[in-house]
Amino acid sequence: MMEVCGSTNVSLREFGCEQTLLSRPDGSASFVQGDTSVIAAVYGPAEVKVSKEIYDRATLEVLIQPKVGLPSVRERSQEQCVRETCEASLLLTLHPRSSLTLVLQLIHDDGSRLACFLNAACMALMDAGLPMSCLFCGVTCAINADSEIITDPTAESRALMTFAIDSKEQRVMMSYTKGSFSVHELQQCIAVSQKASENIFQFYRDSVRRRYSKNL
Amino acid sequence: MKDTPLSNCERDFLLKAIEEKKRLDGRQTYDYRKMKITFGTDYGCCFVDLGKTRVMAQVSGELVAPKENRPNEGIMFFNIELSPMASPAFEQGRQSELSVKLNRQLERCLRNSKCIDTESLCVVSGEKVWQIRVDVHMLNHDGNLMDAASIAAITALCHFKRPDVSIQGDEVTVYSPEEREPIPLSIYHMPISVSFSFFQQGTYLLVDPCEREERVMDGLLMIAMNKHREICSIQSSGGIMLLKEQVMRCSKIASVKVSEITELISKALENDKRARKAGGRCGFAESMPQERITALKTDETSVEMTDASERANDIVENAEVPPQTVPSPVVPAPGVGQVGREGDVVEISDSEEEEVVILHPETQDKSSKNAASSSNQKGAET
């Protein structure tokens, strides 16, 4: 049974965020983790096609655009992860028969892609002013040959996990894992991700406080 | 999602203002908006901001077999993505008229003008050539997407460096950037497109229309030129009728604008080359503006891990014992599979009618698979 190898190598890369960088979308944000950068844009609530409308809630559509080529199955599966997390935290019943569109564009991939998508999505939804019951953030955890690392760039690892953690009770909203690991390691990774999410939520608070410190 | 239609008041206001030689943002008739060119982390990634219009271009290359009628030449592939991010009117996957038009114009501007030396992209004649793919993504649509796209595409091509290859007999070795320095593409000239919008049946002309102006214009003239005053392509759309003098005047204005823009591109490429040589970090992350209140950046932070380990151990110890694994299926009679003991059983039978699977909650994970379709006598698979 592998133990967590000390707390020496558990750190988050530097991150940065810019809000309202695009003029057309209702909300937009860019999120940068180390060299991985993503731009997210939200349109909504807006008119929805009759074929897609839901009578008592808003229809959320997530689109992930890769940098090169057309979107493939990998993007579709990541879209589903992001969509399910957003649907769990957005108050969709406040906007029935409307559409919310979230578009994520990958700018550069240097590891922890899905986590960056989740963070950018949350900041863009906040920027658009959509009502949410809680915020969420994405954290990537990797287990390499003998210890545990967070927001692992492109090094080889035995297992790679991404968790979406909510802000109210630090519970896991979504998990996406690749590789093999024991139950014990899973719980350790979740505990570490919950700790790391506190840093990210603090960063959200700081950015939003800075953003609204002046009337733009 | 539909875009909000333009109201009649706005339309009348814009047209009247243009008649009085006034523009919404205070520019003169021949002025371009503020242009900013930045580069991404890897070679071939370029961002162009033309006022509020934002465009990103990425160039990538891979080795493929050449076209049959041109065995000695590399292949250039252009793709303009009208991302739904740029405007609510753009839809994912749909080849709208605008998208076809922009793609065609970019191809004419860059491919037909032969600005890239495609013969230098040949590795083994008839077998392996480089396919250079240019993807242009629209990030924000505030008018004049064509100009921004053409600037982004040509700048990204100038910025791109392809991996070095060596040929030994039949073996082709592609070196990674760490092994050998990548090589830039050989570009003869830089064609840049300049757009002119016409109003009131060609009476008034504006350079670099913004999105509102584009909505009320009658027609668009696009001239692609390089700094040597060679016209690479001209396209007039919208059905306006232009006089010969107007077209000549536009081409003169275009040559002035193109030389300014080429100057800006060369300066941006120089700055980037210097920054990379100095070893600094380059990319989108670095070019994020720091002084604005809408942007924030933190340094590397460490995570407090003091009680994470204990917490995890607690959870594992206090967790419920997982349910006992259900034994493997048994076949009591041909065509009937049985999973579980007598009493919590699910019958999965091979009958011809559509049968409803009786689900017992205890064994739901094993039994919820296909009901009647398996002709395999061994029953359900685990």
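**Exercise 1. Determine how strand E11 of chain B is joined to E12(B), and place both strands in their sheet.**

Solution. Step 1: Strand E11 (residues 192-199) of chain B runs antiparallel to E12(B), and four bridges join them. Helices (H or I, at least four residues) and strands (E, at least two) are DSSP runs, numbered from the N terminus; two strands pair if DSSP finds at least two bridges between them. The model is a predicted one, in which local features need pLDDT of at least 70 and side-chain atom pairs count only at pLDDT 80 or more, while totals for chains, interfaces and linings use all residues. Residues are numbered from 1 along each chain as its sequence is written, chains are lettered from A and ligands numbered from 1 in the order in which they are written, and side-chain values use heavy atoms, with hydrogens and water left out.

Step 2: Within this pairing, Tyr204(B) in E12(B) is the bridge partner of Phe199(B).

Step 3: The open sheet has four strands in the order E12-E11-E13-E14 (chain B), with antiparallel pairing. Strand E12 (204-207) and strand E14 (231-237) of chain B are the edge strands, each pairing on one side only. From one strand to the next, the twist averages 20°; axes are lines fitted to C-alpha atoms, for helices over the stretch in contact, and angles run from 0 to 180 degrees between N-to-C directions.

Step 4: H3(B) lies across E11 and strand E13 (219-225) of chain B, at about 175° to E11(B). Contact here means heavy atoms within 4.5 Å.

**Exercise 2. Identify the largest nonpolar core and the helix that gives the most to it.**

Solution. Step 1: A nonpolar core is a set of buried Ala, Val, Leu, Ile, Met, Phe, Trp, Tyr and Cys residues joined through side-chain atoms within 4.5 Å. Buried means under 20% relative accessible area, exposed over 50%, and partly exposed in between (1.4 Å probe, protein chains only).

Step 2: The largest core has 63 residues, and those with the most contacts inside it include Leu110(B), Val136(B), Phe196(B) and Ile265(B). Helix H3 (residues 145-159) of chain B gives the most to this core, namely 10 residues.

Step 3: A second, separate core comprises 54 residues, among them Ile64(A), Leu92(A), Ala121(A) and Phe203(A).

Step 4: Leaving aside residues up to four places away in sequence, Val136(B) touches a set of residues that includes Val55(B), Ile80(B), Leu106(B) and Ala153(B).

**Exercise 3. Describe the sheet that contains strands of chain A and E15(B).**

Solution. Step 1: Six strands form an open sheet with mixed pairing, in the order E5(A)-E6(A)-E4(A)-E3(A)-E2(A)-E15(B). Strand E5 (59-65) of chain A and strand E15 (295-297) of chain B each have a single partner strand, so one side of each is left without a neighbour in the sheet. The twist of this sheet averages 15° from one strand to the next.

Step 2: Strand E2 (residues 15-19) of chain A and E15(B) run antiparallel and are joined by three bridges. Glu18(A) stands opposite Ala295(B).

Step 3: Two helices of chain A lie across strands of this sheet. Helix H2 (residues 113-128) of chain A crosses strands including E3 (27-33) and E4 (36-46) of chain A, at about 150° to E3(A). Helix H3 (residues 183-211) of chain A lies across E2 and E3 of chain A and E15 of chain B, at about 35° to E2(A).

**Exercise 4. Count the disulfides and examine Cys141(A) and Cys232(B).**

Solution. Step 1: With a disulfide taken as a pair of cysteine sulfur atoms within 2.5 Å, the count over all chains is zero.

Step 2: Cys141(A) is in no disulfide, the nearest cysteine sulfur being that of Cys189(A), 3.7 Å away. Cys141(A) is buried, with a relative accessible area of 0%.

Step 3: For Cys232(B), the closest cysteine sulfur belongs to Cys109(B) and lies 6.2 Å away, too far for a bond.

**Exercise 5. Characterise the hairpin of E17(B) and E18(B).**

Solution. Step 1: Strand E17 (residues 330-333) and strand E18 (residues 336-339) of chain B pair in the antiparallel sense over two bridges. Val330(B) stands opposite Gln338(B).

Step 2: Two residues lie between the strands of this hairpin, and Gly335(B) in the turn has a positive phi of about 90°.
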